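I opened my notebook to look up how the ligand is held in this model and what surrounds it. I wrote down each thing in the order in which I checked it.

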Amino acid sequence: MTKLRLAIVGAGPAGIYAADILLKAERKFDVSIDLFDHLPAPYGLVRYGVAPDHPRIKGIINALRDVLDRGDIRIFGGVRFGEDITLDDLKQHYNAVIFATGAIRDADLDIPGIDAIGSFGAAGFVSWYDGHPDFPREWPLDAASVAVVGVGNVALDVARVLAKHVEDLMPTEIPANVQAGLEASQITDVHVFGRRGPAQVKFTPLELRELGELRDVDMVVYDEDFDYDEASKAAVTSNKQVMVIDRVLQSWRKRPSVNGEGGEASRRLHLHFYAKPVEIETDDTGRASAIVYERTKPDGQGGVVGTGELRRIEVQQVYRAVGYFGSPLPGVPFDKKHGVIPNHEGQVLHKDSNERVPGVYATGWIKRGPVGLIGHTKSDAMETISHLINDQGSWWTPADPSPEAITRLLSERGVRWTDLDGWHRLDQHEVALGEPHGRARIKLVERDEMVRVSRGE
Ligand SMILES: Cc1cc2nc3c(=O)[nH]c(=O)nc-3n(C[C@H](O)[C@H](O)[C@H](O)COP(=O)(O)OP(=O)(O)OC[C@H]3O[C@@H](n4cnc5c(N)ncnc54)[C@H](O)[C@@H]3O)c2cc1C
């Protein structure tokens, strides 16, 4: 029987679902899969993006772990494509490769002052609080007033974690350095800015509602933002999600903290709609001192236009949460404009000619762009896998497809990779760290320590 030796690069949900779907698919060939990730722990943004106080979503890790625990996928943690292995290496040892490398960078926000001290991308902060080994251990939470630019779920995650009291995050898996950082936080006010109105936001009702339940945090909305135009009114009556969002926001208008005039909490989370940030002002030292925004107004068709009216709010930090962006991989076509690998339904295409690159596939956020929930990566993977199966005639013919060839190569290059048993050791270690404190786990953050524990060294 024909055999497919498949390499998958990226052990986030997209990579793991792709492996699972292929192994369960009806097909006329045997399959063996090697799954590579540059981190010593699998699960991608489920481990390093989903907020720690969302244990139900983090729980998707259990389903992904069940797939790995079946034992029919080999894992190579701590192996970076582009450094430890290349496309040429994969061609030598596999019939095809699927790239599922996701997106971890922030999209740009091109306004004056964006490079100020105290201006950050959401991705850096998220990676810090989720204990990503490749990001700084310290985060300077020395600002009293901060701005969060964006009205998607990531913006609300960032705003919530900034506003929340650290005691309320202690049941979660946050690492010790994050606990210490949050304990030192000076925050009193978090200001979230959205260019458009409440009927055009991107966040989901669940994420919004959660903000209203934060202990000792007043939600502040402003009456002036609820003078809806016809398009907004239509959205509120015709779209269930918008209807619920509107209902939640309207309920906050009845709270004493409306318009920022009352309220008794020690922290406040302000939502500013029709507010387009246009500049970050800085002090003499180059540090952020204020955010300047232009008031916008509805254009009658669901969009907005600027009014020319500028306002400013003093803030000492700015977090832009305006989307993630994929990174190029050496030797693999890349669409710089959209931050994805150019592809047709997961079949990778040459950048300029749009012709297919045989044997090379993509799935997940690097295929489709950084939008959508974890569940969407499953349908993505189905589409990509169905092409992979049908393309049998154009797979590569590897010179040495033996399973030992790749381990030999990695050893020769001095790569200290980790495997599935290693992940179990790391997992158990983190769970044991949490136990005395009544917590589900405490994450390890240092890459070296993760590797040492995984390799039982
Ligand atoms: C802050 C944030 C919060 C989110 N919250 C939710 C939520 O609550 N609910 C929800 O459903 N969705 C949420 N999402 C979306 C969800 O995380 C994504 O839909 C999903 O993770 C995308 O999966 P992926 O496998 O394509 O990418 P990723 O999860 O990013 O996985 C990519 C993997 O590839 C690896 N990799 C990258 N480059 C290389 C390389 N060169 N060599 C080897 N390996 C590499 C990475 O280490 C990573 O493990 C959130 C996203 C973010 C950013």
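I began with the helices around the ligand, and in this predicted model I found that α1 (13-24), α2 (44-48) and α7 (153-163) each supply at least two residues of the shell.

Next I looked up what kinds of residues make up that shell, and I noted that they divide into 18 nonpolar, 10 polar and 3 charged.

I then asked myself where the ligand lies with respect to the two domains. Domain 1 (2-104 + 326-417) and domain 2 (105-320) both give residues to the shell, so the ligand lies between them.

Of the 31 residues around the ligand, I listed those that come nearest, which are A14, D37, L45, F81 and W365.

For three of these residues I looked up the atoms that face the ligand. A polar backbone atom of A14 is 2.9 Å from an oxygen atom of the ligand, while an N or O atom in the side chain of D37 is 2.6 Å from an oxygen atom of the ligand. With F81 the partner is a nitrogen atom of the ligand, which lies 2.9 Å from a backbone N or O atom of that residue. I also noted that the ligand on its own has 1,000 Å² of accessible area, and that the protein covers 92% of this.

Last, I turned to helix α13 (residues 376-390), whose 15 residues reach 22 Å from the first C-alpha to the last, close to the expected 21 Å. I checked which of its residues are buried, and among them I wrote down T377, D380, A381 and T384, as well as I385, H387, L388 and I389.

Terms used
Residues are numbered from 1 along each chain as its sequence is written. This is a predicted model: local features need pLDDT of at least 70, side-chain atom pairs count only at pLDDT 80 or more; totals for chains, interfaces and linings use all residues. Side-chain values use heavy atoms; hydrogens and water are left out. Helices (H or I, at least four residues) and strands (E, at least two) are DSSP runs, numbered from the N terminus. The expected span of a helix is 1.5 Å times one less than its number of residues. Buried means under 20% relative accessible area, exposed over 50%, partly exposed in between (1.4 Å probe, protein chains only). A residue is near a molecule or strand if one of its heavy atoms lies within 4 Å of it. A polar contact is a pair of N or O atoms within 3.5 Å; within protein, one must be able to donate a hydrogen and the other to accept it, and residues adjacent in sequence count only if both atoms are side-chain atoms. Accessible areas come from the Shrake-Rupley method with a 1.4 Å probe; for residues, only the protein chains shown count as cover. Ala, Val, Leu, Ile, Met, Phe, Trp, Tyr, Cys and Pro count as nonpolar, Asp, Glu, Lys and Arg as charged, and the others, Gly among them, as polar. Domain bounds come from an automatic or database domain assignment.
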